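I opened my notebook today to look up a few things in a structure, one helix and one residue at a time. Come along and check each entry against the picture.

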2 protein chains.
Amino acid sequence: MGLDETAQKPHDRLSAHLAADMERVNALIRRRMASEHAPRIPEVTAHLVEAGGKRLRPMLTLAAARLCGYEGDHHIRLAATVEFIHTATLLHDDVVDESAQRRGRPTANLLWDNKSSVLVGDYLFSRSFQLMVETGSLRVLDILSNASATIAEGEVLQLSAAQDLRTDEAIYMKVIRGKTAALFSAATEVGGVIAGAPEEQVRALFTYGDALGIAFQIVDDLLDYGGSTATIGKNVGDDFRERKLTLPVIKAVAKATPEEREFWKRVIEKGDQREGDLDRAMALLASHGAMEETRAEALGWAQTAKAALAVLPDHALRSMLADLADYVVARVN
Amino acid sequence: MGLDETAQKPHDRLSAHLAADMERVNALIRRRMASEHAPRIPEVTAHLVEAGGKRLRPMLTLAAARLCGYEGDHHIRLAATVEFIHTATLLHDDVVDESAQRRGRPTANLLWDNKSSVLVGDYLFSRSFQLMVETGSLRVLDILSNASATIAEGEVLQLSAAQDLRTDEAIYMKVIRGKTAALFSAATEVGGVIAGAPEEQVRALFTYGDALGIAFQIVDDLLDYGGSTATIGKNVGDDFRERKLTLPVIKAVAKATPEEREFWKRVIEKGDQREGDLDRAMALLASHGAMEETRAEALGWAQTAKAALAVLPDHALRSMLADLADYVVARVN
């Protein structure tokens, strides 16, 4: 999700500060990923879990727990839990996205991957479930089970929201909470809960994670219509080609003239996209101020995230989390 | 799974005895399946959850809890949990099986189903997770999280075990524990746990569910080479055509002459199946006594299931569970 390009920044400082914990998380992930009976599992997950991803979500859990003075072991389990859930959803998204992109013509290899993606994803979910049960905290289980439901519901909602011009900002928010923010907020909240932090701080950690996740996803969706390929790690217009209704488009559709509305219907609902359509879409986003408004919303969420940190202990990790919120929106600021 | 044809038998007596509880389970399932945000969910699950399936697994949970004198509400939640897990695995199996059968040529409709199957399956898993957390029993969560891992691992193992003549009886047992027995045994065990039954009884309930599930699956695999279509609800030879290594074949392969081994290699490993091959396979299973031995194993597991019930309270439900074990193997006895 494009945090690595200027990675000497807050993410790296968090990494350095939490290096000892993160090493334990990585070791736990490797141990629990292994399956005596089904050697294919590490094979499938290796490129996802082992490939040295940014580990942003587990880092949020570790940071929240440490920031609240936690000295036990359970934050390691919870960080691994969060990474397993993230990896499992990536595997299942692959099935969903690849199927859509190749329009009915998957290769045998793709099908094989589909099977493995579904079942290995399920395996990682079940492993994450075992890990969180080991913490013995019913409250943590409650938070993570609710987050799982929000994630799953958001994914299903996205299926029907895509390619449908009636998708509005309220639906968009539910989709991105499911897609991104629910796991961010669960990651930070369980860190506070396991540390036994006061309620006010636990709530603040939830709000921080939620707002950070929303800012993160809005920026991602914005860059799809404006970033350079180098900045966003994918091609400009991918969402357009996949006919996803992201925030900039939703805003432009809301202000569309009848003739513009016909354009959006053709390219998004009917999927009839022609040479020059992406340029026209970008021009419409600009002319209606949709890019600018979307950008302002992302900055607003980053502010919300930072403001939430006020009630947390004054600590090096707190500044790093604040910087992380700035960093997430820096690409569009 | 073919229990309905003579359904006035133990399964119906259980249904009648547990009718009030089961009605509450059905109501809970309907409530928790619904999604305010994603109306597609009940659409996809309706034919699975609502279609009046046998509800065998939730009935096992209810029976175990009631048999142990439980008077609370949590058995209703756990029964719904077990049914949600079962339905979710069916949805994910669809993706896996349909992909395999159509060999790289799914229709657009099939792909749409794949997406929905994956995501709605995940949704049901997350719902089951919420339900079990509501019981507040860490032991129940431990049992169900371990069962989930066994199920997922078994499914992945089956991917590599199919079409591989090295698959032996030990691997077969792991596969069917994952595929069937793990959820049966978790269903009965959590019933005892939630009732606060003595350890000895909880262990007995586990053993009963485990052995019942194994017997159930072995019978299913046996009938694939010997039952009538009416009895088994599918066509004779489906496993053969899908090149699955089930117990009868594993036993026949173990005793194969070099020439017979070449046959198995061709039809199972290479998938080169010709007119008359199924008949030849069935003749080989008969000539090596593989059918007879498999049948004896199924009966043995049914005996194990019944014997386990001895330490449980003398109760109408106990006789029904014993009869159910007999009934499961009656089709091959």
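Before my first entry I need one term: helices (H or I, at least four residues) and strands (E, at least two) are DSSP runs, numbered from the N terminus. I also keep in mind that this is a predicted model.

**Entry 1: a loop residue in chain B**

With that numbering I could place B:D73, which sits in the loop between α4 and α5 (74-101) of chain B. Is B:D73 buried or exposed, or something in between? I found it partly exposed, because its relative accessible area is 40%, and the partly exposed class lies between 20% and 50%. I then looked at B:D21, which is 52 residues away from B:D73 along the chain. The C-alpha atoms of the two are separated by 9.4 Å.

**Entry 2: chain A as a whole**

I looked up the secondary structure of chain A and got 16 helices and 0 strands. Of the 333 residues in chain A, 57% are buried. I also looked at contacts in chain A between residues at least 6 apart in sequence, and 78% of these join residues at least 24 apart.

**Entry 3: A:I76**

My next stop was A:I76, in helix α5 (residues 74-101) of chain A. Its relative accessibility is 4%, so A:I76 counts as buried. What does A:I76 touch, leaving aside neighbours within four places in sequence? I noted A:D21, A:R24, A:V25, A:L28 and A:L62. I also looked up A:A65, which is 11 residues from A:I76 in sequence and 9.6 Å from it in space, C-alpha to C-alpha.

**Entry 4: A:V249**

I went on to A:V249, in helix α12 of chain A. A:V249 counts as buried because its relative accessibility is 0%. Not counting residues up to four places away in sequence, A:V249 touches A:Y225, A:W264 and A:L285. I looked again at A:L285: it is 36 residues from A:V249 along the chain, and their C-alpha atoms are separated by 6.8 Å.

**Entry 5: two positive phi angles**

A reminder to myself: most residues other than glycine have a negative phi. I then looked at A:Q163, which is not a glycine and has a positive phi of about 65°. A:Q163 lies in the loop between α7 (138-161) and α8 (169-194) of chain A. With 35% relative accessibility, A:Q163 counts as partly exposed.

A:R243 also has a positive phi, near 60°, and is a residue other than glycine. I found A:R243 in the loop between α11 (238-241) and α12 (247-254) of chain A. Its relative accessibility is 12%, so A:R243 counts as buried.

**Entry 6: helix α16 of chain A**

How far apart are the end C-alpha atoms of helix α16 (residues 316-330) of chain A? They are 21 Å apart, which agrees with the 21 Å its 15 residues should span at 1.5 Å a residue. I listed buried residues of α16(A), among them A:L317, A:M320, A:L321 and A:Y327. The buried residues of α16(A) pack against α1 (10-17), α4 (56-67), α9 (199-223) and α15 (290-308) of chain A.

**Entry 7: helix α1 of chain B**

Back in chain B, I looked at helix α1 (residues 10-17), whose buried residues are B:P10, B:H11 and B:L14. They cover an arc of only 105° around the axis, so they are on the same side of α1(B). What covers them includes α4 (56-67) and α16 of chain B.

**Entry 8: helices α15 and α16 of chain B**

I saved a helix pair for the end. Helix α15(B) has 19 residues and reaches 27 Å from its first C-alpha to its last, close to the 27 Å expected at 1.5 Å a residue. Its buried residues are B:A290, B:T294, B:A298, B:A302, B:A305 and B:A308. They cover an arc of only 130° around the axis, which puts them on the same side of α15(B). Their cover includes α9 (199-223), α12 (247-254), α14 (277-287) and α16 of chain B.

How do the axes of α15 (residues 290-308) and α16 (residues 316-330) of chain B cross? I noted that they come within 9 Å and cross at roughly 175°. That makes α15(B) roughly antiparallel to α16(B). From α15(B), the residues B:A298, B:L299, B:A302, B:A305 and B:K306 meet B:A322, B:A325, B:D326 and B:V329 in α16(B). The residues of this contact divide into 7 nonpolar, no polar and 2 charged.

Terms used. Residues numbered from 1 in each chain as written. Chains lettered and ligands numbered in written order. Predicted model: local features only at pLDDT ≥ 70, side-chain atom pairs only at ≥ 80, totals over all residues. Heavy atoms only, no water. Axes fitted to C-alpha atoms, helices over the stretch in contact; angles between N-to-C directions. Parallel < 35°, antiparallel > 145°, perpendicular 65-115°, else oblique. Contact = heavy atoms within 4.5 Å. Nonpolar A, V, L, I, M, F, W, Y, C, P; charged D, E, K, R; others polar. Expected span 1.5 Å × (residues − 1). Buried < 20%, exposed > 50% of the residue type's maximum accessible area, 1.4 Å probe, protein only. Arc of directions from axis to C-beta.
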